[in-house]
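Here's a quick briefing to keep open beside the viewer. Load the model, have the sequence handy, and we'll go through it topic by topic.

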Amino acid sequence: MFFKKYGDIVVGIFFMVLSAIMIVMAQMLPKSKVMDIGPDFMPMVIGVVTFVLAALLLFLSIKNFKVNVKEIDAASIPDCDYKRVLASILLVLVYVFMLQPVGFIVCTLVFLLLQMLVLSPDDERGKKDIIKLAVIDVIFTLVVFFLFRYGFKIVLPAGIFTINI
């Protein structure tokens, strides 16, 4: 019950502390001598944005605390679906360990489809829904692959397939 009442406040404080640490650590990175923007730029931006959003979450949670407590006490919040959480963690672990030997495209196609099936509601797992998820999976995987390959000039793990596109 503690996290149901104070969850947003705890998360806001946690992310404010985490982002403050990230900002301090980003300032320790070496400055670029060639460009104005160095390796410290993106971690600093992410840290500042995270800090601002966490502060906003904390402020709004404290401001609306009394209203939210009454709603939480009146409503029944469903418990966590531990099977889906454990399945998601297992899928992520398998994906991470199989990415290098099998390759980005194959691993991501399998991982995303299985992850979407795990997270989709039970009533949305029919043949049409699986086809829709598979189409989204293929499009997303190929867009990310080509974005990294040609947009960012970063080669993702090829694994068992060597693609010269």
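How far apart are the end C-alpha atoms of helix H5 (residues 104-119), and what should its 16 residues span at 1.5 Å a residue? They sit 21 Å apart against an expected 22 Å, which agrees; the expected span is 1.5 Å times one less than the number of residues. Keep in mind that this is a predicted model, where local features need pLDDT of at least 70, side-chain atom pairs count only at pLDDT 80 or more, and totals for chains, interfaces and linings use all residues. Residues are numbered from 1 along each chain as its sequence is written, and side-chain values use heavy atoms, with hydrogens and water left out.

**Overall make-up**

- The protein chain has 6 helices and 0 strands, with helices (H or I, at least four residues) and strands (E, at least two) taken as DSSP runs numbered from the N terminus.
- Read from the N terminus, the order of elements is α-α-α-α-α-α.
- Of the 165 residues in the protein chain, 22% are buried; buried means under 20% relative accessible area, exposed over 50%, and partly exposed in between (1.4 Å probe, protein chains only).
- About 12,300 Å² of the protein chain is exposed, and carbon and sulfur atoms supply 75% of that (Shrake-Rupley method with a 1.4 Å probe; for residues, only the protein chains shown count as cover).
- Take the contacts (heavy atoms within 4.5 Å) between residues at least 6 apart in sequence: 64% of them join residues at least 24 apart.

**Confidence**

- The average pLDDT (the predictor's confidence in each residue, from 0 to 100) is 85 for the protein chain, and 86% of the residues score at least 70.
- Confidence bottoms out in helix H3 (residues 65-74), with a mean of 63, and peaks in H5, at 93.

**Helix H5 and the nonpolar core**

- The buried residues in H5 are Phe104, Ile105, Cys107, Thr108, Phe111, Leu112, Gln115 and Val118.
- Looking down the axis of H5, those buried residues fall within an arc of 165 degrees, so they line one face of the helix; the arc is that of the directions from the helix axis to the C-beta atoms.
- As general background, an α-helix has 3.6 residues a turn, so residues three or four places apart point the same way.
- What do the buried residues of H5 pack against? Their partners are helix H4 (82-102) and helix H6 (127-151).
- The largest nonpolar core has 12 residues, including Leu91, Tyr95, Val102, Val144, Phe145 and Leu156; such a core is a set of buried Ala, Val, Leu, Ile, Met, Phe, Trp, Tyr and Cys residues joined through side-chain atoms within 4.5 Å.
- H4, H5 and H6 are the elements that give two or more residues to this core, and H5 gives the most, with 6 residues.
- Val102, one of the core residues, touches Cys107, Ala158, Gly159 and Ile160, not counting residues up to four places away in sequence.

**Helices H1 and H2**

- H2 (41-63) has 23 residues and reaches 33 Å from its first C-alpha to its last, close to the 33 Å expected at 1.5 Å a residue.
- Gly47, Ala54, Leu58 and Ser61 are buried in H2.
- Buried or exposed: which is Ser19? Ser19, found in helix H1, is buried, with a relative accessible area of 1%.
- Leaving aside neighbours within four places in sequence, Ser19 is in contact with Gly47, Thr50 and Phe51, and its C-alpha is separated from that of Ile46 by 8.0 Å, although the two are 27 residues apart along the chain.
- Val24 also lies in helix H1; Val24 is partly exposed at 44% relative accessible area, and its C-alpha is 9.8 Å from that of Pro43, 19 residues away along the chain.
- Phe14, in helix H1, counts as partly exposed at 47% relative accessibility; Phe14 and Leu58 are 9.9 Å apart, C-alpha to C-alpha, and 44 residues apart in sequence.

**The loop between H1 and H2**

- Asp40 sits in the loop between helix H1 (2-27) and helix H2.
- Asp40 is buried, with a relative accessible area of 11%.
- Beyond its neighbours within four places in sequence, Asp40 is in contact with Ala26, Leu29 and Lys31.
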